[in-house]
Amino acid sequence: MHIPDGFLDLRTAATAAVLAGAGLAFALRDVRRRLPARRVPLIGLAAAFVFAAQMINFPVAAGTSGHLIGAALVTVLLGPGPAVVAMTAVLLLQSLMFADGGITALGANVLNLAVIAPAVAALVYALVRRLAGSGQRSMLIAAGCAAWCSTLAAALACAAQLAASGIVPWTTVLPAMGAVHMVIGLAEAVITMLVLAVVVRARPDILEGMDSVEGRRRAMAAYCAAAGIALVVFVAPFASSMPDGLEHVAERLGFASHASQTLSPGFAPLPDYSVEALGGDSVWLSTVIAGGIGTLVVFGIAWWLARALTARVPPGRH
Amino acid sequence: MLRDRLLSPYQHGVSRVHGWSPGRKLGAALVGVVLVVLLPRGAWAAYAATAFGLLAVALAARLDLRQLGLRVLLVEPFVIGIALLALLRPGGLPVFLSIVAKSTLCLVIMVLLTATTRFSDLLGVLWRVRVPTLLVTTLALMYRYLFVLLAESERMQRARRSRTFVPSRTGAWRGGAEVAGLLFVRASERAERVYLAMCARGWKS
């Protein structure tokens with residue numbers, strides 16, 4: 001999901017950089033004010049941990065393998081402020097030292113993976129914990145949902161930036177990236193839950209001293225606002241300009257009458273929903289419906305996995 | 001070892017390029033990247049000229065060209081992967097080719113920068129241009145312990161493998177998660193020791 005140099009146009013890159021800078025500045029201030037000094041080195045080590053954990057391969061199928069992204073995991077373990085700083089450090093090092101992710105696209109990459117992803121993760125985590133109650137199981141469920149949602153949100157923001165730069169049309173990139181990252185997010189959710197279960201089993205006390213997500217209404221509101229503004233700035237034009245874009249493409253390719261049938265099914269996450277719908281709204285609608293269904297599925301899987309994971313721990317160990 | 005060489009991009013050498021001040025090199029690299037990004041699509045003559053210029057810098061710095069190429073190839077799949085999206089639009093092929101060319105040129109610039117400049121020197125530059133202290137501290141600590149944690153993770157994975165006879169997919173996932181989880185626990189315990197060591201040496205946040 002790291003955007004290299006040369007993909008974004010000036011306007012998009014600058015907007016993303018400003019938003020990312022604002023988010024990072026807020027997080028730095030928040031951490032400086034609230035985090036005890038003895039926790040500061042932990043941010044650096046957590047960043048190194050994310051980097052090292054990204055190198056651990058999880059075999060998927062046919063020789064391919066995936067790896068952790070880690071934004072949601074760090075958010076749950078350290079809290080949103082330190083997570084923003086740690087993820088920013090990871091992206092900075094990757095782009096400066098390994099040329100992984102462009103320098104001019106650094107603002108966009110930081111915005112997607114180090115501001116939007118932790119903010120969405122923190123929001124979803126807090127919401128699901130409120131719904132699912134306290135205890136280890138609800139923590140795991142919430143972390144799984146947070147990981148999935150944050151991966152999807154980061155991917156959508158990334159897709160929107162690419163589309164805003166005129167690399168790809170809205171109508172293909174958003175559903176395509178959305179669909180792919182709904183699956184990737186599932187893996188992210190499972191890995192996050194597995195890792196978190198290990199941490200909690202080995203050191204149940206480790207989460208207690210952390211900068212917890214709960215009970216921090218104002219900071220949480222600020223992070224949510226940051227993610228919300230960023231998503232609105234980049235994704236909202238999609239909602240309004242999309243029918244025009246679709247018609248434009250359809251006219252150019254000369255199949256205006258078949259537009260909805262030929263353009264959407266291949267890329268829509270749930271083809272059933274887009275095949276029958278007509279007009280430009282179909283892709284948008286099917287994406288939203290697929291997102292809703294995906295969320296329910298993820299919640300179910302997270303609940304099942306959390307049950308399986310917590311059942312292994314003998315009572316009295318935590 | 002190949003992996004160690006990939007993880008440390010700096011190539012030690014004595015040359016004019018190595019001798020330039022890190023701040024100037026970072027500035028030049030940033031300007032270069034921005035200029036390449038601003039080149040219009042399809043300006044093939046300009047791309048070729050930039051490529052020759054970069055080759056000249058690499059030769060002047062007496063760098064191992066094979067290793068430079070390897071580093072570029074390592075990241076190139078991601079560039080092409082994202083650029084493939086451009087093929088989805090009508091008439092996307094020229095856009096695709098231009099983007100890949102521009103992106104690769106930017107990659108080469110950054111690879112040249114890191115091959116001739118130590119990361120600690122770059123950190124010094126960030127410090128001087130007043131990047132927030134907390135971020136620089138985080139970066140410095142991250143860079144310092146990155147290799148320690150990577151080695152630790154590798155040790156744990158090797159130990160895991162040597163104790164598992166039949167590697168199944170679920171087993172691999174559980175094993176990987178076990179390694180990652182314990183890696184975090186160890187990292188946080190190490191962070192406490194690091195804090196004490198930092199305080200003992202007069203560190204103030």
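Q: Count two residues as in contact if their C-beta atoms, placed from the backbone, lie within 7 Å. What do the buried residues of α3(A) pack against?
A: This is a predicted model, and in it those buried residues pack against α2, α4, α5 (106–132), α6 (136–164) and α7 of chain A, together with α9 (169–200) of chain B.

Q: What makes helix α3 of chain A "mostly covered"?
A: A residue is buried if 20 or more other C-beta atoms lie within 10 Å of its own. In α3(A), residues 71–78, that goes for 8 of 8. Here they are: Ala71(A), Ala72(A), Leu73(A), Val74(A), Thr75(A), Val76(A), Leu77(A) and Leu78(A). Just past the helix, Gly79(A) takes a positive phi of about 100°.

Q: Why is Ala99(A) called buried?
A: Ala99(A) has 29 other C-beta atoms within 10 Å, and the cut-off is 20 or more, so "buried" is the right word. You'll find Ala99(A) in the loop between α4 and α5 of chain A. Its phi is positive too, about 55°, although Ala99(A) is not a glycine. Most residues other than glycine have a negative phi.

Q: Buried or exposed: what is Arg130(B), and how do you know?
A: Exposed, because Arg130(B) has 8 other C-beta atoms within 10 Å, and 12 or fewer is what counts as exposed. Arg130(B) sits in the loop between α7 (119–128) and α8 of chain B. Phi of Arg130(B) is near 65°, a positive value in a residue other than glycine.

Q: Why is α2(A) described as oblique to α8(B)?
A: α2(A) and helix α8 of chain B (residues 133–163) pack at an angle of about 45°, their axes 7 Å apart. Roughly parallel would need an angle under 35 degrees and roughly perpendicular one of 65 to 115, so that angle makes α2(A) oblique to α8(B). The crossing of α2(A) past α8(B) is right-handed.

Q: Which residues of α2(A) and α8(B) meet there?
A: From α2(A) come Val40(A), Pro41(A), Ile43(A), Gly44(A), Leu45(A), Ala47(A), Ala48(A), Phe49(A), Phe51(A) and Ala52(A); from α8(B), Thr137(B), Thr138(B), Leu141(B), Met142(B), Tyr145(B), Leu146(B), Leu149(B), Leu150(B) and Ser153(B). Sorted by class, that contact has 15 nonpolar, 4 polar and no charged residues.

Q: How many residues does the contact between the two chains take from each?
A: It takes 61 residues from chain A and 60 residues from chain B. The largest share of the chain A side, 13 residues, comes from α2(A). By class, the side of chain A that touches chain B splits into 48 nonpolar, 7 polar and 6 charged residues.

Q: What makes α1(A) oblique to α5(A)?
A: Their axes come within 7 Å and cross at roughly 45°. That falls between the limits of 35 and 65 degrees, so α1(A) is oblique to α5(A). This crossing, of α1(A) past α5(A), is left-handed. In α1(A), Ala13(A), Ala16(A), Ala17(A), Leu19(A), Ala20(A), Gly23(A) and Leu24(A) meet Gly107(A), Ala108(A), Val110(A), Leu111(A) and Val115(A) in α5(A). That contact comes to 10 nonpolar, 2 polar and no charged residues.

Q: How do you know that the span of α1(A) is close to the one expected?
A: α1(A) has 25 residues, and 1.5 Å times one less than that number is the expected span. The expected value is 36 Å, and α1(A) reaches 36 Å from its first C-alpha to its last. Helix α6 of chain B (residues 93–116) can be put to the same check: with 24 residues, α6(B) reaches 35 Å, close to the 34 Å expected.

Q: Why is α6(B) called largely enclosed by the rest of the structure?
A: Because 18 of its 24 residues are buried.

Q: Why does Val31(A) count as buried, and what does Val31(A) touch?
A: Val31(A) has 26 other C-beta atoms within 10 Å, and 20 or more is enough, so Val31(A) is buried. Val31(A) belongs to helix α1 of chain A. Leaving out residues up to four places away in sequence, Val31(A) touches Gly81(A), Pro82(A), Val85(A) and, from the other chain, Leu134(B).

Methods: Residues numbered from 1 in each chain as written. Chains lettered and ligands numbered in written order. Predicted model: local features only at pLDDT ≥ 70, side-chain atom pairs only at ≥ 80, totals over all residues. Helix = DSSP H or I, 4+ residues; strand = E, 2+ residues; numbered from the N terminus. Nonpolar A, V, L, I, M, F, W, Y, C, P; charged D, E, K, R; others polar. Axes fitted to C-alpha atoms, helices over the stretch in contact; angles between N-to-C directions. Parallel < 35°, antiparallel > 145°, perpendicular 65-115°, else oblique. Left-handed = near helix turned anticlockwise from the far one by under 90°.
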